Amino acid sequence: MYKNLAQKWRPRKFSEVIGQDIVVTVLKNSLKSGRTVPAYLLSGPQGTGKTSVARILARTLNCNNPKDGEACLECESCKLSIEFNNPDIIEIDGASWRKLDNIRELSASLNYPPIGKRKVIIIDEIHMLIKEAFNALLKTIEEPPDYVTFIFATTEPGKVIPTILSRCQQFEFRRIPFRLISDQLEHICKKEGIEYEKAALDEVARFSDGSMRNAETAAEKLLLYSGGKILSKNVSKSLGVSSEEEINNYLSLIESEDIVGLEKFLNDIEEKNYDPYNFAKRAVMIAQNRVISGKSIHLWFNVADLLITAMIKSRMIGEPMLLLRNATFKAASLGKIESTATFIESLIKKGKTGIRNVTTIDTDILKEDNRQKIAVKPTNEISENKHEETTDIWNKLLDNLEEGYTKSCLKNYFGLEKSEGKWFLAQKSGNGGSYKRVKDEFEKINSAFSSLASCSIESIIDMRNKQENAPAKKVNAVQKKDDTEDETVKLLKERYNATIVWKSYV
Ligand SMILES: Nc1ncnc2c1ncn2[C@@H]1O[C@H](COP(=O)(O)OP(=O)(O)OP(=O)(O)O)[C@@H](O)[C@H]1O
Ligand SMILES: [Mg+2]
Ligand SMILES: [Zn+2]
């Protein structure tokens, strides 16, 4: 009978299980010392070895010549168990055996002692049992005959009732590290005489999300696709995953802010049926590598941040392609926002604006009451109060915030200012995007601040382009006639929905 790679390479003993060292070591030691328990629960992500380990454990408990906690695979009991013919090992699929009658039948069968050493009941996907079946099972595992061992496996331990959980020794399976998966694939290829490129195995391992079964199934698909070979050039087409080259093209389009090119690229990957979540994940990994390599750190950090947000949202609300598209276009506009701000700044510095010197702009229309506060607050007064306490609290505040775009905005463009006993969050450089982000997150930032300083931040103030020695003339109202005619103001209003809060004349 034809066996696929995943079936053929199911580990038969503990030493063949990869990436689950803790589980394997603890189980082997308890078998060696004879300290086994009546019920085990194996939980963790799919394709990581739960069913395989359940069978190995059942086999070892029944082996006539176990050695160092491993089954011999040669005695009568081991042979029968490998062929699924061992009458002492009963394997039940929770998905089809979920009813009360099924569990009653099972409990009744436990009254007959084993032919060999132990009666082992494996219930796979135990979370699928209905409530009544769980309760019946609970009674059985509370007082089982001492020749019975239960082994339960599940991907969703949260759905198993706590009374059952508490009666089991629990083992958590982990996603298998990508390197181990790739090496296991290489081992399989060598043994099977399959021609392969290591880079292609790496790609398959990355694609498999920590599941050895996923990796084996994907490798098998590749073999069918490319006539018995596993080659890099076929990976993206056969598995529907993007190649590294494609991701690099995508990131170059973002870097050059080529919206039209990106639109075409995204249509293309949609047509190829690539998984957008997987695509975003791979793009994040490459963007992060660029951050580490120190090239355009700011850009790649923000790109990765936008894509991660899209990934999280797509898991919460679905629509991964829509979210990828949105994040992509945002990512491709990051530089534009930056350069517009720089452009305006340079205009202001050159004094080319009609109002000579725009000192403070509110890029997202501050609330009316905040506007008043800012309008009556001469900026030179605020900056004089920079002292150790401010720096100390500022550093602590940054330490308390999660890594991410908000923190990066604060760190790069903002500072704390104290004036007349009141605290302000001051924007010192950066653009409207960073202002908006900080404003959106203001509550969160403020609560972190309050826990440090036991008072709150009054408001956000804009100190960009403050002229050190210029006497600031306060203008209380939003500018009217001359502002609307001014080129810079027009640009600001269009781009950021900006409002002039006050201005000063040199
Ligand atoms: N830790 C592992 N070491 C070696 N091979 C593994 C491992 N985990 C999974 N495999 C491979 O994947 C196949 C499926 O594994 P298994 O049925 O044990 O996973 P599982 O955790 O029970 O998955 P599911 O939650 O989907 O039931 C095995 O036959 C084997 O080929
Ligand atoms: Mg399983
Ligand atoms: Zn044996």
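These exercises work through a predicted model.

**Exercise 1. The shell around ligand 1**

Task: Find which residues come nearest to ligand 1, and which elements, residue classes and domains supply its shell.

Solution:
- Start with the residues. There are 22 around ligand 1, and Arg10, Gln46, Gly49, Thr51 and Ser52 come nearest.
- Next, the elements. Helix H1 (5-8), helix H3 (50-62) and helix H10 (212-225) are those that give two or more residues to this shell.
- Sort by class. The shell holds eight nonpolar, 10 polar and four charged residues.
- Finish with the domains. Domain 1 (5-172) and domain 2 (178-239) each contribute at least three residues to the shell around ligand 1.

**Exercise 2. The five-stranded sheet**

Task: Give the strand order of the open sheet, name its edge strands and examine the pairing of S3 with S4.

Solution:
- Read the order: S2-S3-S4-S1-S5, with parallel pairing.
- Look at the edges. Strand S2 (89-93) and strand S5 (169-172) each pair on one side only.
- Take the twist. Neighbouring strands are turned against each other by 15 degrees on average, direction ignored.
- Zoom in on one pair. Strand S3 (residues 119-124) runs parallel to strand S4 (residues 148-154), and five bridges join them.
- Pick a residue there. Ile122 has Ile151 in S4 opposite.

**Exercise 3. Two packed helices**

Task: Work out how H14 and H15 are oriented, and the hand of their crossing.

Solution:
- Get the geometry. Helix H14 (residues 276-293) packs on helix H15 (residues 297-317) at about 155 degrees, and their axes lie 9 Å apart.
- Apply the cut-off. Angles over 145 degrees count as roughly antiparallel, so H14 is roughly antiparallel to H15.
- Assign the hand. H14 and H15 make a left-handed crossing.

Note on methods
Residues numbered from 1 in each chain as written. Chains lettered and ligands numbered in written order. Predicted model: local features only at pLDDT ≥ 70, side-chain atom pairs only at ≥ 80, totals over all residues. Near = placed C-beta within 6 Å. Helix = DSSP H or I, 4+ residues; strand = E, 2+ residues; numbered from the N terminus. Nonpolar A, V, L, I, M, F, W, Y, C, P; charged D, E, K, R; others polar. Domains from an automatic or database assignment. Pairing = 2+ DSSP bridges. Axes fitted to C-alpha atoms, helices over the stretch in contact; angles between N-to-C directions. Parallel < 35°, antiparallel > 145°, perpendicular 65-115°, else oblique. Left-handed = near helix turned anticlockwise from the far one by under 90°.
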